[in-house]
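Good morning, and thank you for coming. I would like to take you through one structure, beginning with individual residues and moving outward to the whole chain.

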Amino acid sequence: MNQPLMHWVDLTIVILSVLLAIGVGLYFSRRQKSTDNYFAGGRNIPAWAIGMSIFATLISSVTFLAYPGAAYASNWILLVQGLMVPLILVALIGIIVPLFRRVIKLSTYEYFEQRFGLFARIYGSLAFILTHFSKMGTVFFLVSMAMAPFLGIDIYTVIIGLGIAIIILTLLGGIEAVIWMDVIQGFMLIGGGIICVLILLFKPEGGPAEVFNTAFEFNKISFGPYDWDLTQLTFIVMTLNGVFYAIQKYGTDQTIVQRYLTAKDDKAAKKAAYIGVFMSVPIWTLFMFIGTALFVFYQTSGAALPDGIKADQVFPFFIATELPIGLTGLIVAALAAGAISSLDSDMNCLAAIGVEDYYVRFKPKSTDKQRLRLGRILVAISGVAAVGVAMIYAYWGGEGVLGVVFELYAIFSAGIVGLFLLGLLSRRANKQGLYVGIAAAVLFTAYAMLTSTKFDFGDGLGKRVLLDLGNLNFTHHKYMLGGIQPCHSLRCRLFCQLLL
């Protein structure tokens with residue numbers, strides 16, 4: 001066992017925060033007597049709490065680590081995606097929230113079946129399952145990797161410990177416990193971010209003025225480059241990616257749509273969606289600024305960084321070495337809270353999809369008690385499976401075969417946004433066009449990813465693409481797939497409508 005980087009006071013704070021999650025699950029377990037309560041919270045949760053839950057789910061611990069790392073290494077270009085979200089959703093929320101509350105019982109993909117038939121529903125739900133299953137394992141791995149040095153224990157123990165806490169919370173308390181725990185964790189994330197910003201602003205000699213002057217001097221508060229270049233990470237690439245990210249997240253993602261159903265009416269659901277969006281953007285900005293301020297701190301203070309430290313490790317190093325006793329524990333607890341708020345949502349929503357899209361279809365005469373029991377089983381299975389994926393990541397260091405598998409998941413989930421937009425924008429859409437569009441999206445995404453994504457196969461030959469077509473390889477930046485997929489598949493579907 002390694003020596004922990006935290007004082008016993010900080011360790012106690014972190015442990016208590018994890019135990020709090022278990023306690024919330026136990027508290028709400030007595031109310032989980034039906035699938036409606038377990039998956040929709042009795043449809044009477046306050047709008048502000050739902051909004052906080054949406055916010056906490058969107059932020060997650062990946063934001064806690066990735067945004068400061070990105071801003072430290074470069075500038076604020078990754079924030080452009082988040083800035084697009086409110087611009088798109090101000091127009092869409094008034095349409096999509098009442099739509100889903102009117103046409104679906106629980107699963108987002110019920111809407112797909114009503115518009116295009118069973119295949120569309122199965123395709124959409126499988127895409128969600130594969131995407132979020134892979135995401136859960138990644139979150140477990142990244143957060144555990146960051147927390148292990150603080151706690152002085154190996155990464156596998158952290159993965160298992162966090163996994164047990166999140167499974168108990170979600171298994172016992174249902175979506176109601178998930179939402180109210182998200183409220184607590186949301187405030188922890190906000191508080192942790194604000195504390196770090198204040199310290200980084202006033203710790204350097206010269207205070208906030210010096211921080212901003214140095215940041216502008218090194219061009220750290222910028223959204224460029226602004227070139228019209230789709231092959232590099234540019235402002236236009238992130239803008240296009242952000243537009244389709246907003247549509248995908250709020251229009252096709254079960255973790256968000258399911259929360260619309262927990263509100264008592266359409267007005268409350270729309271209010272919750274707006275709260276989630278407009279809280280997320282300032283906090284994304286806050287964590288970007290933390291990265292910028294970290295750069296200024298280590299540029300001007302004389303404090304030394306370890307040799308070879310990566311950009312996304314600088315923030316955890318700062319927490320461990322520069323914060324006073326007590327505050328370190330609060331920040332690490334906020335990091336754990338971010339993981340819990342993201343993963344508990346995924347587990348509950350994966351179980352909801354399993355029950356509503358598959359079990360109810362194959363056993364339509366099943367009782368509500370049987371459906372609730374299966375929902376709990378699926379929560380446990382998804383949690384254990386995600387822990388297993390994280391353990392494999394830890395063993396392989398996040399490289400190799402698992403990366404190939406997740407790229408394949410991305411290929412076969414291509415075109416979901418195009419499917420959703422087709423349902424909204426075209427009354428003439430038909431099944432034949434749908435099938436052609438999905439096939440086109442899958443084939444195009446497969447071509448793009450297999451000819452542009454490099455993997456290390458462990459054979460000593462270095463990283464290389466799976467399929468090398470020379471000059472025919474996909475050359476656009478990988479973030480462009482977020483915009484090309486739906487546009488390409490939508491165009492194919494609309495063309496087939498005219499023919500058929």
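Trp76 sits in the loop that runs between α3 (47-73) and α4 (79-103). Please keep in mind throughout that this is a predicted model. Is Trp76 buried or exposed? Its relative accessible area is 8%, and because the cut-off for buried is under 20%, Trp76 counts as buried.

What surrounds Trp76, once its neighbours within four places in sequence are left aside? Its contacts include Ala71, and also the run Lys220, Ile221, Ser222 and Phe223. The remaining contacts of Trp76 are Thr285, Met288, Phe289 and Thr292. The pair formed with Lys220 deserves a moment: Trp76 and Lys220 are 144 residues apart in sequence, yet their C-alpha atoms are 7.2 Å apart in space.

A second loop residue may be set beside this one. Ser366 lies in the loop between α13 and α14 (368-396). Ser366 has a relative accessible area of 9%, and is therefore classed as buried. Neighbours within four places in sequence again set aside, Ser366 is in contact with Tyr359 and Arg371.

Let me turn to the nonpolar core. The largest one holds 145 residues. Which of them touch the most other members? They are Phe64, Phe140, Met147, Tyr250, Tyr260 and Leu294. Helix α7 (residues 155-202) supplies the largest share of this core, namely 20 residues.

Phe64 can serve as an example from that group. Beyond its neighbours within four places in sequence, Phe64 is in contact with Leu189, Phe287, Phe315 and Ile319, as well as with Ile331, Ala334 and Leu335.

I come now to the empty spaces, and begin with the second largest pocket. Its volume is about 260 Å³. The elements giving two or more residues to the lining of this pocket are α1 (8-29), α6 (118-151) and α7. The largest share, 5 residues, comes from α1. In total 13 residues line the second largest pocket, and those nearest its centre are Val14, Ile15, Val18, Leu151 and Ile153. What is the character of this lining by class? It comprises 11 nonpolar and 2 polar residues, with no charged residues.

There is also an enclosed space to report. The count comes to 1 cavity of 30 Å³ or more, and the largest cavity has a volume of about 30 Å³. Its lining consists of Ser17, Val18, Met181, Gln185, Met188, Ala333, Ala336, Ala337 and Ile340. The elements contributing two or more residues to that lining are α1, α7 and α13 (327-362). Of these, α13 gives the most, with 4 residues. By class, the lining of the largest cavity has 7 nonpolar and 2 polar residues, and no charged residues. Val18 appears in the lining of the largest cavity and is also one of the residues nearest the centre of the second largest pocket.

Finally, the chain as a whole. How many helices and strands does the protein chain have? There are 18 helices and 2 strands. The chain has 500 residues, of which 57% count as buried. Among contacts between residues at least 6 apart in sequence, 82% join residues at least 24 apart; the contact between Trp76 and Lys220, with their positions 144 residues apart in sequence, is an example. The accessible surface of the chain comes to about 20,500 Å², and 66% of this belongs to carbon and sulfur atoms.

Thank you for your attention.

How values were computed: Residues numbered from 1 in each chain as written. Predicted model: local features only at pLDDT ≥ 70, side-chain atom pairs only at ≥ 80, totals over all residues. Heavy atoms only, no water. Core = buried A, V, L, I, M, F, W, Y, C linked by side-chain atoms within 4.5 Å. Buried < 20%, exposed > 50% of the residue type's maximum accessible area, 1.4 Å probe, protein only. Contact = heavy atoms within 4.5 Å. 1 Å grid on protein atoms, 1.4 Å probe; cavity = no way out; pocket = protein on both sides within 12 Å on 5 of 7 lines; lining within 4 Å. Points joined across faces, edges and corners; volume = space filled by probe spheres on them. Nonpolar A, V, L, I, M, F, W, Y, C, P; charged D, E, K, R; others polar. Areas by Shrake-Rupley, 256 points an atom, 1.4 Å probe, with all protein chains shown as cover.
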